[in-house]
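Student: I have a protein model to go through, and I would like to know how its descriptive words are justified. Could we take them one at a time?

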Amino acid sequence: MAADNTPATEQSTSPVATQQEESSSFFSSFVSYFVPTAHAEAPAPEESEEEEEKPEEEEEEEEEEEPEDVAPAIREACEQGPCAEHLHHLQHCQTKVDGGNGFPGEDCVEEFFHLLHCVDPCAAPKIFKKLA
């Protein structure tokens with residue numbers, strides 16, 4: 001009887017196994033439709049020679065001095081000039097909060113953003129003129 005049950009068991013699992021293979025192939029084809037598969041290509045011999053030369057070029061670039069950034073100086077000039085009122089309000093708020101005289105949970109974010117909204121339009125044209 002054991003010999004008779006074995007083929008019946010194999011026959012009953014065969015459709016299940018076939019169904020699982022079909023569902024997995026359906027799933028993999030469904031996923032591959034939306035997510036493309038990328039295949040790596042071997043680099044050409046010419047590219048490897050160029051890669052060896054690149055570190056030498058990078059070292060030469062590192063040796064060059066970078067120009068001084070003028071943006072902080074321009075932004076500070078705008079803070080001291082046309083945006084001095086906003087800077088004063090921010091500093092007053094900071095001293096009040098640091099001294100413990102502010103409301104519970106008070107911060108000076110609003111005053112900081114007011115200062116930035118004044119400084120950015122003032123400094124941007126001057127900075128871009130320096131870049132050109």
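Student: Is the crossing of helix 3 and helix 5 left-handed or right-handed?

Tutor: The crossing of helix 3 and helix 5 is right-handed. A crossing is left-handed if the near helix is turned anticlockwise from the far one by less than a right angle, and right-handed if clockwise. Before going on, note that this is a predicted model, in which local features need pLDDT of at least 70, side-chain atom pairs count only at pLDDT 80 or more, and totals for chains, interfaces and linings use all residues. Residues are numbered from 1 along each chain as its sequence is written, and side-chain values use heavy atoms, with hydrogens and water left out.

Student: What makes a stretch a helix, and how many helices are there in the protein?

Tutor: Helices (H or I, at least four residues) and strands (E, at least two) are DSSP runs, numbered from the N terminus. The protein has five helices and zero strands, so its pattern along the sequence reads α-α-α-α-α.

Student: Why is helix 3 called oblique to helix 5?

Tutor: Helix 3 (residues 71-80) and helix 5 (residues 109-131) pack at an angle of about 135°, with their axes 9 Å apart. Axes are lines fitted to C-alpha atoms, for helices over the stretch in contact, and angles run from 0 to 180 degrees between N-to-C directions. Angles under 35 degrees count as roughly parallel, over 145 as roughly antiparallel, 65 to 115 as roughly perpendicular and the rest as oblique. The angle of about 135° therefore makes helix 3 oblique to helix 5.

Student: Which residues of helix 3 make the contact with helix 5?

Tutor: Ala71, Ile74, Arg75, Cys78 and Glu79 do so on the helix 3 side; among those on the helix 5 side are Leu115, Val119 and Asp120. Contact means heavy atoms within 4.5 Å. By class, this contact has nine nonpolar, no polar and five charged residues, where Ala, Val, Leu, Ile, Met, Phe, Trp, Tyr, Cys and Pro count as nonpolar, Asp, Glu, Lys and Arg as charged, and the others, Gly among them, as polar.

Student: What makes arginine 75 and aspartate 120 a salt bridge?

Tutor: A salt bridge is a side-chain nitrogen of Lys or Arg within 4 Å of a carboxyl oxygen of Asp or Glu. Arginine 75 and aspartate 120 meet at 2.7 Å, N to O, so the pair fits the definition. Arginine 75 is in helix 3 and aspartate 120 in helix 5, 45 residues apart.

Student: How many salt bridges does the structure hold?

Tutor: There are two. Lysine 96 and glutamate 106 also meet in a salt bridge, at 3.5 Å, N to O. Lysine 96 lies in helix 4 (residues 84-98) and glutamate 106 in the loop between helix 4 and helix 5, so the pair ties together parts that are 10 residues apart in sequence.

Student: Why is leucine 90 called buried?

Tutor: Buried means under 20% relative accessible area, exposed over 50%, partly exposed in between (1.4 Å probe, protein chains only). Leucine 90, in helix 4, has 8% relative accessibility, so leucine 90 counts as buried. Leucine 90 touches Cys108, Glu111, Phe112 and Leu115, not counting residues up to four places away in sequence.

Student: Why does phenylalanine 128 count as exposed?

Tutor: Phenylalanine 128, in helix 5, has 57% relative accessibility and therefore counts as exposed.
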